[in-house]
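Here are my comments on the charged side-chain pairs, set out as numbered points for discussion.

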Amino acid sequence: LVVEDDDTVRELVAYHLSSAGFHVVEAADAESGWGRVEGADAVVLDWMLPGESGLHWLARLRAQRGHTVPVLLLTARAREVDRVEGLEGGADDYLVKPFSAAELVARVRALLRRAPPRGTLAVGPLRVDTERARVALRGSEVDLTRREYELLAFFAEHPGRVFSRSELLDRVWGEDFVGSERTVDQHVAQLRSRLGAELIETVRGRGY
């Protein structure tokens, strides 16, 4: 996905990436880029977009569940302080205009080599591979039971949201489950023993 408001620059980026074998989707502003980011393997993002800046767009993207898609920030802002701000703001790489076609293609290829596989949910140090049903914490794989994995994957799909015990039973165990809400507490305790207490927060009177 190429998000760039300057038609000439956007078409140039798209041309070079297409010539290198990539399928390119174009967006001329933040709003249309937001609607096209799902399924993208990488994003080339202009910083100075009309309306919403590229850096603010990127912050929204990183706040969404599972959005580990690599982003190359493309900008005329060449100062060191700008580079630091862009990288600390969530960009994976930074390319200053004017740029060479060869460097653009090389940087996008490098981003894709480092990107997590599609189907991976990332929440802090936690990685949940939903295709292989595997979990890694800080790079080390963690063995979980099927139900522990399903509960953790559900949390990872909805970071920051609070769910009551009854909601978790319905969404993870299924509406036909027969048992007490203590089942949720037990599984949360088991996850915390394997992953640490900080990843799943208890919200008093509401749930997890």
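The points below concern salt bridges in what is a predicted model.

1. The count comes to 17 salt bridges, and the following points take up some of these pairs together with the solvent accessibility of their partners.

2. Within helix α1, which spans residues 7–19, Asp 7 and Arg 10 are three residues apart and so are separated by about one helical turn; their side chains form a salt bridge with an N to O distance of 3.0 Å. The two partners fall into separate accessibility classes, since Asp 7 is partly exposed at 44% relative accessibility, whereas Arg 10, at 9%, counts as buried.

3. A salt bridge also joins the side chains of Glu 52 and Arg 60, with 2.9 Å from N to O. Here the acidic residue is the buried one, because the relative accessible area of Glu 52 is 17% and buried means under 20%, while Arg 60 is partly exposed with 31%.

4. The side chains of Asp 92 and Arg 62 meet in a salt bridge of 2.7 Å, N to O. Asp 92 belongs to the loop between α4 (80–88) and β5 (93–96), and Arg 62 to helix α3 (residues 54–63), so this pair ties together parts that lie 30 residues apart in sequence. Asp 92 is partly exposed, with a relative accessible area of 35%, and Arg 62 is likewise partly exposed, with 26%.

5. Finally, Glu 4, Asp 46 and Lys 97 are joined into one network by salt bridges that share partners.

Key
Residues numbered from 1 in each chain as written. Predicted model: local features only at pLDDT ≥ 70, side-chain atom pairs only at ≥ 80, totals over all residues. Heavy atoms only, no water. Salt bridge = Lys/Arg side-chain N within 4 Å of Asp/Glu carboxyl O. Helix = DSSP H or I, 4+ residues; strand = E, 2+ residues; numbered from the N terminus. Buried < 20%, exposed > 50% of the residue type's maximum accessible area, 1.4 Å probe, protein only.
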